[in-house]
Structure formats: C-alpha cells, structure tokens
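Here is a short briefing on one protein chain. Keep the sequence and the 3D view open while reading.

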Amino acid sequence: MTMQTRSLGTTGPQVSALGLGCMGMSALYGDADRTESIATVHAALEAGVTLLDTGDFYAMGHNEMLVGEALRTAPAALREQALVSVKFGALRSPDGDWIGHDGRPAAVKNFAAYSLQRLGVDHIDVYRIARLDPDVPIEETVGAISELIEKGYVRHVGLSEVGADTIRRAAATAPIADLQIEYSLISRGIEESVLPATRELGISITAYGVLSRGLISGHFTRDRQLAANDFRAYSPRFQGENLQHNLDLVEALRKIAEQKGVSVAQIAIAWVLSRGDDIVPLVGARTRERLTESLGALDVTLDDADLAAIERAVPADAAAGDRYPAPQMAHLGSK
C-alpha cells in the first residue's frame, strides 16, 4: 500500500488520499468497542492517514472525546501529522432526537469552544456546519468561521451537504477548502450540479458514505439483524425489497472484484478514488481489520474496461430507496 496525498481545494492543506470517518466509533451503527476504535485511529495514522473526521453531535460529544484520546495517546510524530475535520450545528435532545440546526455566529463560536476542549487541541483544521440552517444565511455562518480563523482557532472553512447555489455564496464570502457530501457508486447525485460547481471554484470533495454505510461493502448479508441503535434499521435502502435489490447490485459488483482479485469494498472505494484527484474518500472503518481492507483500495487500478464494467453492473440511480429516512432527507441542503 502506497499512501498518496491530495489537496483540499486550492486553499486547503495536503491530506492523505483516504481519510478516516470516526462517527461509527460512537454512534448510529450499533455498539462499538472503544479500545478497538482508538487502536484503529492509531493504525490509520501509522499507515499515513492524516485526515480524521468527527462531529460535535456524534453521540453528543462522545466521538470528539474519543478522537481526542486517540490523538493524546498516539506517538507525537503521528499526532502532529493529524488534521481534524469537525462538523457542528446539529442540535440533539437528551434522548438523542434531532431537533434542528443552528448556524448563528454566536452559536458557531460556542460550538467551537466546546470542540476544542473535547478534542484537546488548540485549533481545528477544517470546520463546517453539518447541515444548512434555513434561518441563517450561509454568509453569516461562514463569516463566523472566518473570525475563528483570524483568531487562530480554526485553519480552514468547510461545507457539508449543500447545493451549488450555497457553495457559490459561501465561496464569495471566504475561501472554502472542501465540501463534505455523500458520494458512492449508488449515491451519485453530486455529479449533476454540485461537482461542476466545486471544480469551477477549486473546492475539493471529502466523500463520505463511500460504502453506503456498509451496504456495498460486500459484508452485509440479506438476513442480517440490525440493533435498535443502528441507524440502518430505519434507512430506506436497508428495508425489505429495497435491500434485496441493492444486494443484487453488490453481487454484480462482486463478480468484477473477484476477476481483479480484490474485495467488493476495495473496488467500491477505488471507484470513488478514480473520479478525480479533487475527491478524498472518507472510510468509516471501526476496526483495524476493516481499515486494512479499505487501505488496500489504494493499490487497485481501474482501467477504462473496469470502469465500464462497473457502470454496467451498478448504473447511476440504480439503488432502491433514499439514503436517509424522509424527515432527514428534508434537512439536506439542495440549494
């Protein structure tokens, strides 16, 4: 495995070609082992992964504290190479419900103060609101992050799950390093207007959900029972006939992977890597075993024939079901 590097846009830092999304170590995918999670972060850093992604609302601060502990207990050289991306603004109730988004400038600064404390760092490398606050212009939210940059608490402005119009407005307010948004073989909505806008403006993509929450990892079985605290138990793509249809797509992809001598997960991640040097896939590995498999995608080369075969096996819009339940889809920024 050879770790490559890519830039987060024209204004952002150099990062590893794969980043590690840490959310699943704390929330939404059932129980996780804290010791193994920290060991996985350490293994990622040792392998040359530099970008770690978290959010202040992942298990209400738990994930930031976990990432902070992983950084604190890592060798100094590895700790210093780590770049931390933080999402903020999603509001939670004590029982875990999602109750809105807050992008007011005062709230932005308040969220940052708590994140710095939980992470145990003196600055956040990339800071972004998780979802657009419909009541606050993006210019105000981005302006507040810019003030944090001026004071040294943040290094770069990021965006998350917004459309082309919002991207342009944000970029007119301050330099934007990257947009974090879902992108995978079965989630290709950004190709129509979002990706052209980011490329025009020199903004990179950090792509989450590259394995569609494990659906196209090659490890999800038709009879798998999901725990009540697993987000996928309520996700449309994991329900009934939708699940059966989507796993049929995985089996078609598996035939291509087997011909190349790689795993389904590796070919799915390699496909995202192949979409451009301005795209950095975030892998959501929760164990060292899954991390090792994901890193193997860096050694997978897809030629034109491979890409054509993948396109035939899993065409755009082939997936059945939305990527979130209806109430959450309503909160995604489309403008």
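**Helix packing**

The buried residues of α2 pack against α1, β4 (51-55), α3 (76-81), β5 (83-88) and α4 (105-119). Helix α2 itself covers residues 62-72. This is a predicted model. The points below start with two helices, move to the whole chain, and end with single residues.

**Two helices and their neighbours**

- On α2, the buried residues are Asn63, Glu64, Leu66, Val67, Gly68, Ala70 and Leu71.
- Among the partners of these buried α2 residues are the helices α1, α3 and α4.
- The strands β4 and β5 are also among those partners.
- Helix α10 runs over residues 288-295.
- Its buried residues are Leu291, Glu293, Ser294 and Leu295.
- The buried residues of α10 pack against β3 (19-21), α1 (34-46), α9 (264-273) and β12 (279-283).
- Helix α1 thus appears in both lists: it packs against buried residues of α2 and against buried residues of α10.

**The chain as a whole**

- The secondary structure comprises 12 helices and 12 strands.
- The chain has 335 residues and a radius of gyration of 19 Å. A compact globule with that number of residues would have a value near 20 Å, so the chain agrees with the globule rule.
- The C-alpha trace spans about 55 × 45 × 40 Å along its principal axes.
- Buried residues account for 59% of the 335.
- Take the contacts with a sequence separation of 6 or more: 75% of them join residues 24 or more positions apart.

**Surface and charge**

- The exposed area of the chain is about 14100 Å².
- Carbon and sulfur atoms supply 50% of that area.
- There are 32 positive and 44 negative side chains.
- The centres of the two charge sets lie 1 Å apart.

**Glu161: buried, with polar partners**

- Glu161 sits in the loop between β9 (154-160) and α6 (164-173).
- Is Glu161 buried or exposed? Its relative accessible area is 2%, so Glu161 counts as buried, because the cut-off for buried is under 20%.
- The side chain of Glu161 makes a polar contact with the side chain of Tyr208, at 2.5 Å.
- The Glu161 side chain also reaches the backbone nitrogen of Glu182, at 3.5 Å.

**The loop between β11 and α8**

- This loop lies between β11 (204-208) and α8 (240-260), and Ala227 is placed in it.
- Ser212 is found in the loop between β11 and α8, and so is Arg213.
- Which sign does phi have at Ser212? Phi of Ser212 is positive, about 50°, although the residue is not a glycine.
- Arg213 is another non-glycine residue with a positive phi, near 60°.
- Most residues other than glycine have a negative phi.
- Ser212 is buried, with a relative accessible area of 1%.
- Arg213 is buried too, with a relative accessible area of 11%.
- Ala227 counts as partly exposed, because its relative accessibility is 37% and that class lies between the 20% and 50% cut-offs.
- How far apart are Ala227 and Leu116 in space? Their C-alpha atoms are 32 Å apart, and the two residues are 111 residues apart in sequence.

Definitions and conventions:
Residues are numbered from 1 along each chain as its sequence is written. This is a predicted model: local features need pLDDT of at least 70, side-chain atom pairs count only at pLDDT 80 or more; totals for chains, interfaces and linings use all residues. Side-chain values use heavy atoms; hydrogens and water are left out. Helices (H or I, at least four residues) and strands (E, at least two) are DSSP runs, numbered from the N terminus. The radius of gyration is taken over C-alpha atoms; the globule rule is 2.2 Å times the number of residues to the power 0.38. Buried means under 20% relative accessible area, exposed over 50%, partly exposed in between (1.4 Å probe, protein chains only). Contact means heavy atoms within 4.5 Å. Accessible areas come from the Shrake-Rupley method with a 1.4 Å probe; for residues, only the protein chains shown count as cover. Lys and Arg count as positive and Asp and Glu as negative; His and the chain ends are not counted. The place of a charge is taken as NZ of Lys, CZ of Arg, CG of Asp or CD of Glu. A polar contact is a pair of N or O atoms within 3.5 Å; within protein, one must be able to donate a hydrogen and the other to accept it, and residues adjacent in sequence count only if both atoms are side-chain atoms.
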